Amino acid sequence: MPKTVITYGTFDLFHIGHLNILKRLKEKGDRLIVAVSTDEFNAIKGKKPIVPFEQRIEIVRAIKYVDMAIPEENWEQKRTDVDKYDVDVFGIGEDWKGKFDDLEDKVEVFYLPRTDGISTTELKRVLSNFDEQKVEALKGTLDTLSQIVKELS
Ligand code: C2G
């Protein structure tokens with residue numbers, strides 16, 4: 001029987017950390033199912049992704065380690081998903097350590113090390129910096145312009 005692995009995540013601004021964990025999860029079985037959090041569910045999680053759900057799930061579907069991608073719409077669906085998709089292994093990053101031990105009566109549960117030095121939160125911070133810098137630069141240009149206008153008038 002092929003061994004089925006399942007994981008859950010937002011996968012916003014897809015980066016090497018996401019790729020690494022999907023690669024390692026695929027190594028734990030023959031088939032990898034990834035549940036991608038919808039924008040509505042992320043609102044419940046207090047997250048506001050930059051990339052909309054339709055694009056995030058399409059990106060995840062295109063990853064060679066991924067055999068199936070489904071929407072994650074609520075916290076409770078994990079217990080029904082493992083039956084619905086005949087899952088053998090549940091895996092997720094160690095930032096969720098212990099949070100899904102309740103699934104151990106049904107499947108093997110793994111918490112995998114995260115990839116250091118990269119996170120969507122950090123990418124968002126860098127991007128917001130760019131914005132700020134641009135605004136500052138623009139302010140500077142406007143000040144110079146209004147100075148020139150003053151001098152010319
Ligand atoms: N990840 C990682 N290394 C990083 C960043 C993320 O291994 N540097 C892993 C996370 O641990 C997670 C997966 O990548 O297993 C997806 O991360 P997120 O998109 O941040 O997922 P999250 O929003 O935490 O959703 O029901 C569970 C939730 O849906 C998990």
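Which residues come nearest to the ligand? In this predicted model, the answer is T10, K47, E72, D95 and I118, which belong to a set of 21 residues around the ligand. That set is a good place to begin a walk through the structure.

Let us start with the polar contacts. D95 uses its side chain here: an N or O atom of that side chain is 2.7 Å from an oxygen atom of the ligand. I118, in turn, takes part through its backbone, with a polar backbone atom 2.6 Å from a nitrogen atom of the ligand. T115 also offers a backbone N or O atom, and the distance from that atom to a nitrogen atom of the ligand is 2.8 Å. As for the ligand as a whole, its accessible area on its own is 640 Å², and the protein covers 95% of that.

Where does the ligand sit? You will find the ligand in the largest pocket. If you trace the chain around the ligand, the elements that give two or more residues to the shell are strand β1 (4-9), helix α1 (16-26) and strand β4 (89-93). Helix α1 provides the largest share of this shell, with three residues. By chemical character, the shell is a mixture: seven of its residues are nonpolar, eight are polar and six are charged.

Two loops deserve a look at their backbone angles. Most residues other than glycine have a negative phi. Against that background, consider L13, which lies in the loop between β1 and α1. L13 is not a glycine, yet its phi is positive, at about 50°. Is L13 buried or exposed? With a relative accessible area of 18%, L13 counts as buried, because the cut-off for buried is under 20%.

The second case is D86, found in the loop between α4 (77-84) and β4. D86 is also a residue other than glycine with a positive phi, in this case near 55°. Its relative accessible area is 48%, so D86 is partly exposed: the value falls between the 20% and 50% cut-offs.

Finally, let us move along to helix α5, which spans residues 120-152 and includes V135. V135 has a relative accessible area of 43% and is therefore partly exposed. To get a feel for distances in the model, pair V135 with K26: the two are 109 residues apart in sequence, and their C-alpha atoms are 44 Å apart in space.

Notes:
Residues numbered from 1 in each chain as written. Predicted model: local features only at pLDDT ≥ 70, side-chain atom pairs only at ≥ 80, totals over all residues. Heavy atoms only, no water. Near = heavy atom within 4 Å. Polar contact = N/O pair within 3.5 Å; in protein donor to acceptor, adjacent residues only side chain to side chain. Areas by Shrake-Rupley, 256 points an atom, 1.4 Å probe, with all protein chains shown as cover. 1 Å grid on protein atoms, 1.4 Å probe; cavity = no way out; pocket = protein on both sides within 12 Å on 5 of 7 lines; lining within 4 Å. Sits in = over half its atoms within 2 Å of the grid points. Helix = DSSP H or I, 4+ residues; strand = E, 2+ residues; numbered from the N terminus. Nonpolar A, V, L, I, M, F, W, Y, C, P; charged D, E, K, R; others polar. Buried < 20%, exposed > 50% of the residue type's maximum accessible area, 1.4 Å probe, protein only.
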